[in-house]
Amino acid sequence: VRMNTSQSSYMLLRDDKIYSISRDDSGKWMVVDIGQQMKAMSSKGFSNFFGSADTREQEKCSADYKKTGRTEKIAGYTGNVYIVDIKQGNKLISSDEVVLSTSSDLKKINAGWAALTLKMGQTMNKDMAESIDQADKAGYGGILRYGNKMKLTSLKKTALEASYYEIPDNAQVM
C-alpha cells in the first residue's frame, strides 16, 4: 500500500512495515522505518524524559454504525450515510457522519487504508483507524466521506509499475 502525502513524499506499507519516504530539494531520497521510530520514542527513558511514563493499558476502542437511511453521491459514487459512534470502554469519544459505498473500487482502497491506518496505530488518529477497520470487517464498504476530516474528491484507476511500491534505490535509511 502506498499513500502519497505530497509530490515528494509518501508512506509505504511493505513486508508488514511502514516507511516514510521523502525526497529533499537536492533529489536525495530518505527513508524512515516508522515502527523503529515508534519503538525508540516509546522507550522508557524517552517517555520518562517527556513525562509520559504512564504504562497503563488503555481500554479498547469500538465503533457502532447506525444507518441514517440517507445516501450521498461523492466523486461519482453513491454511498449510504451512517452515524459512527467511537467508544473507549463505555465512554463516547466521538460521533461522526460517514458515507460508505459498496463499490469494489472503494472496497479495495478501504482495505489498503485500513491496513495502513491500523499499522500506523499510535501516529495516526487511532479512533478513526479502529472505525475504518470495523467498517471493513463488517462489509459496509469503502469510505467516501468521514465527517469533515476526509472526503474523496476523485478516483482514477491506473496500472502502476511494481517499482511504484518499492523503496527508491540509493535511499538513505534514517
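This section describes the fold, the open sheet, the nonpolar core, the aromatic pairs and the largest pocket of a predicted model.

The protein chain comprises 174 residues, of which 34% count as buried. Its secondary structure consists of 4 helices and 10 strands. Along the sequence these elements follow the pattern β-β-β-β-α-α-β-β-β-α-α-β-β-β.

An open sheet is formed by 5 strands in the order S1-S2-S3-S4-S10, with mixed pairing. Its edges are strand S1 (2-6) and strand S10 (172-173), each of which pairs on one side only. S1 runs antiparallel to S2 and is joined to S2 by 4 bridges; the two strands form a hairpin with 2 residues between them. Within this pairing, Arg2 has Leu12 of S2 as its bridge partner. Leu12 is in turn the bridge partner of Tyr19 in S3. S2 and strand S3 (residues 17-23) are antiparallel to each other and share 6 bridges. The hairpin of S2 and S3 also has 2 residues between its strands, and Asp15 in this hairpin adopts a positive phi near 55°. S2 is mostly covered, as 5 of its 6 residues are buried.

At the other side of the sheet order, strand S4 (residues 29-33) pairs with S10 in the parallel sense over 2 bridges. The bridge partner of Val31 in S10 is Val173. Val32 also belongs to strand S4. With a relative accessibility of 21%, Val32 counts as partly exposed, because the limit for a buried residue is under 20%. The C-alpha atom of Val32 is separated by 8.7 Å from that of Gln172, although the two residues are 140 residues apart along the chain.

The largest nonpolar core is made up of 10 residues, namely Ala63, Tyr65, Tyr82, Val84, Ile86, Val98, Leu100, Ala135, Ile143 and Tyr146. At least two residues of this core come from each of strand S5 (61-74), strand S6 (77-88), strand S7 (91-101) and strand S8 (142-146). The greatest contribution is that of S6, with 3 residues.

The structure contains 5 aromatic pairs. In one of them, the ring centres of Tyr10 and Trp29 lie 6.0 Å apart and the ring planes meet at 65°, so the arrangement is edge-to-face. This pair links distant parts of the chain, since Tyr10 lies in strand S2 (residues 9-14) and Trp29 in strand S4, 19 residues apart. Both Tyr10 and Trp29 are buried. A further pair, that of Tyr65 and Tyr140, is tilted, with 4.9 Å centre to centre and 40° between the planes. Tyr65 is in strand S5, whereas Tyr140 is in the loop between helix H4 (126-138) and S8; the pair therefore ties together parts that are 75 residues apart in sequence. The two residues of this tilted pair are described by separate accessibility classes: Tyr65 counts as buried at 11% relative accessibility, while Tyr140 is partly exposed, with a relative accessible area of 25%. Ring pairs link Tyr65, Tyr82 and Tyr140 into a cluster. Of the residues in this cluster, Tyr65 and Tyr82 are also listed in the largest nonpolar core.

The largest pocket encloses about 1,200 Å³ of space. It is lined by 28 residues, and those closest to its centre are Arg2, Met3, Ile109, Leu155 and Lys156. Two or more lining residues are provided by each of S1, helix H3 (104-120), S8 and strand S9 (150-151). H3 makes the greatest contribution to the lining, with 8 residues. By residue class, the lining divides into 14 nonpolar, 7 polar and 7 charged residues. Some of these elements recur in the features described above. S1, which contributes to the pocket lining, is an edge strand of the open sheet, and S8, another contributor to the lining, supplies at least two residues of the largest nonpolar core. Arg2, one of the residues closest to the pocket centre, is the bridge partner of Leu12 in the pairing with S2.

How values were computed:
Residues are numbered from 1 along each chain as its sequence is written. This is a predicted model: local features need pLDDT of at least 70, side-chain atom pairs count only at pLDDT 80 or more; totals for chains, interfaces and linings use all residues. Side-chain values use heavy atoms; hydrogens and water are left out. Two strands pair if DSSP finds at least two bridges between them. A nonpolar core is a set of buried Ala, Val, Leu, Ile, Met, Phe, Trp, Tyr and Cys residues joined through side-chain atoms within 4.5 Å. Buried means under 20% relative accessible area, exposed over 50%, partly exposed in between (1.4 Å probe, protein chains only). On a 1 Å grid over the protein atoms alone, a cavity is a set of points where a 1.4 Å probe fits but cannot get out, and a pocket is an open set with protein on both sides within 12 Å along at least five of seven lines; lining residues have an atom within 4 Å of a point. Grid points are joined across faces, edges and corners, and a volume is the space filled by probe spheres set on the points. Ala, Val, Leu, Ile, Met, Phe, Trp, Tyr, Cys and Pro count as nonpolar, Asp, Glu, Lys and Arg as charged, and the others, Gly among them, as polar. Rings of Phe, Tyr and Trp (its six-membered ring) pair if their centres lie within 6.5 Å; planes under 30 degrees apart count as stacked, over 60 as edge-to-face and the rest as tilted.
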